[in-house]
Amino acid sequence: MSTVYHDYSGFSNITTFGETYAAFGNIEGLNFIEKLWASYYTYIGNDIFATGLLFFTVHEALYFGRCIPWAIIDRIPYFNKYKIQDTKIPSNQEQWECLKSVLTSHFLVEAFPIWFFHPLCQKIGISYQVPFPTVATMALQVAVFFVLEDAWHYWFHRALHYGVFYKYIHKQHHRYAAPFGLTAEYAHPVEVMLLGFGTVGIPIVWCLITGDLHLFTVCIWIALRLFQAVDAHSGYEFPWSLHHFLPIWAGADHHDEHHHHFIGSYASSFRWWDFLLDTEAGPKGKSSREAKMKVKAESKKSI
Ligand SMILES: [Zn+2]
Ligand SMILES: [Zn+2]
C-alpha cells in the first residue's frame, strides 16, 4: 500500500484508477493535480516503482515532446529566417543518428539509477505525500535551483573544455556545430552524470540542508530544466525569444554561439557568469575581450 496519503480509512473496494480518483475526490482541500498524484501512487501501490516509472516517463515524454516541434520547424522553410546558423539545417540522417544515441543513453545510463531515487528521497526526507507545499514555496525553490544549477553548469562545462576532458568526454557533445533540439542530451555518459548532478544533485543537497522539499517540486524543476536545455539547443532566435524580455536569460542565442565557436558562453540558463568572467562567445564577446587586452597591453607599455 502506498503512503502517499496518511488516512485510507474512508477508502473501500477500490480496484480501478477511476475508483481511486473518485475516493480522493471526496477528500476536501486537495486540488486536481494533488488528487491525480495521490491516485497514481495509491493505484500503483508500490511507491518505489511509482516514482521510478513517473520520472522515467516524464523525462521521455517531455524531452521528446519538446524536441518534436523543433524537428517540425526545421522542415518548414518559413522558419529558416529565424535559424541562427541558417545554412545548417540538420538533415534527417543527422537527426536520426542523434535520436538513436540519446535513446540508448536514456535506457543505459538513466533507466537504472532512476529506480533508486525513491529510496533516496525517503532517506533524506524529500516528501511525496499530499497535499503539496504552497505555490510560492515551490516557485522559490525552483528559482533557487535555476540559479545554483547555472553556476554548477558554468564551472563544470568550462572545465570540460580543458585538454583531456574535452578530448575524451565533452567532444561528443560538440559533434554538431549547429545544434538542434535533440542534441541537448547528446553527450558522453560521464558528462551526463557530471552535468546531470547540477539538475538532480542540487535539490538533494538543498533537502539535506533545509529538510524542506517535495517530490512534485523536483518534477516541476526537472521539466522546466529540460525545456530550457532543449530550447537552448533549438538553433532558433525569434523576436519573441525570452531573452528579449528577460535580458539575463541565456536561451538559444547564447548557447548556439558556444557550439558555433567551441569556446565561451559556458553557462546554461543565465548570462551573468559569462558576462562577469569575460567568457562570452562570438563576435561580441571577442571584441570586448580584445578591447580589454588592448587596454592591458597599453598600460604595460606605459609602465
Ligand atoms: Zn561545450
Ligand atoms: Zn550544447
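**Note on helix packing in the predicted model**

1. In this predicted model, helix α6 (residues 135–159) packs against helix α9 (residues 215–232) with an axis separation of 10 Å and an angle of about 45°. The two helices α6 and α9 are therefore oblique to each other, since angles that fall outside the roughly parallel, antiparallel and perpendicular ranges count as oblique. The crossing of α6 and α9 is right-handed.

2. On the α6 side, this contact involves M138, Q141, V142, F145 and E149. Helix α9 contributes T217, I220, W221, L224 and R225. Sorted by class, the contact of α6 with α9 comprises six nonpolar, two polar and two charged residues.

3. A second helix pair is formed by α3 (residues 47–74) and α5 (residues 117–124), whose axes come within 8 Å and cross at roughly 115°. Residues D47, I48, T51, G52 and F55 of α3 make this contact with F117, H118, P119 and C121 of α5. The residues of the contact of α3 with α5 are five nonpolar, three polar and one charged.

4. Helix α13 (residues 282–301) merits a check of its length. Its 20 residues, at 1.5 Å a residue, should span 28 Å, and the end C-alpha atoms of α13 lie 28 Å apart, so the two values agree.

5. The burial of α13 should be read alongside its length. Helix α13 is hardly covered: among its 20 residues, the count of buried residues is zero. For this count, a residue is buried if 20 or more other C-beta atoms lie within 10 Å of its own.

Terms used. Residues numbered from 1 in each chain as written. Chains lettered and ligands numbered in written order. Predicted model: local features only at pLDDT ≥ 70, side-chain atom pairs only at ≥ 80, totals over all residues. Axes fitted to C-alpha atoms, helices over the stretch in contact; angles between N-to-C directions. Helix = DSSP H or I, 4+ residues; strand = E, 2+ residues; numbered from the N terminus. Contact = placed C-beta atoms within 7 Å. Nonpolar A, V, L, I, M, F, W, Y, C, P; charged D, E, K, R; others polar. Parallel < 35°, antiparallel > 145°, perpendicular 65-115°, else oblique. Left-handed = near helix turned anticlockwise from the far one by under 90°. Expected span 1.5 Å × (residues − 1). Buried ≥ 20, exposed ≤ 12 C-beta atoms within 10 Å, placed from the backbone.
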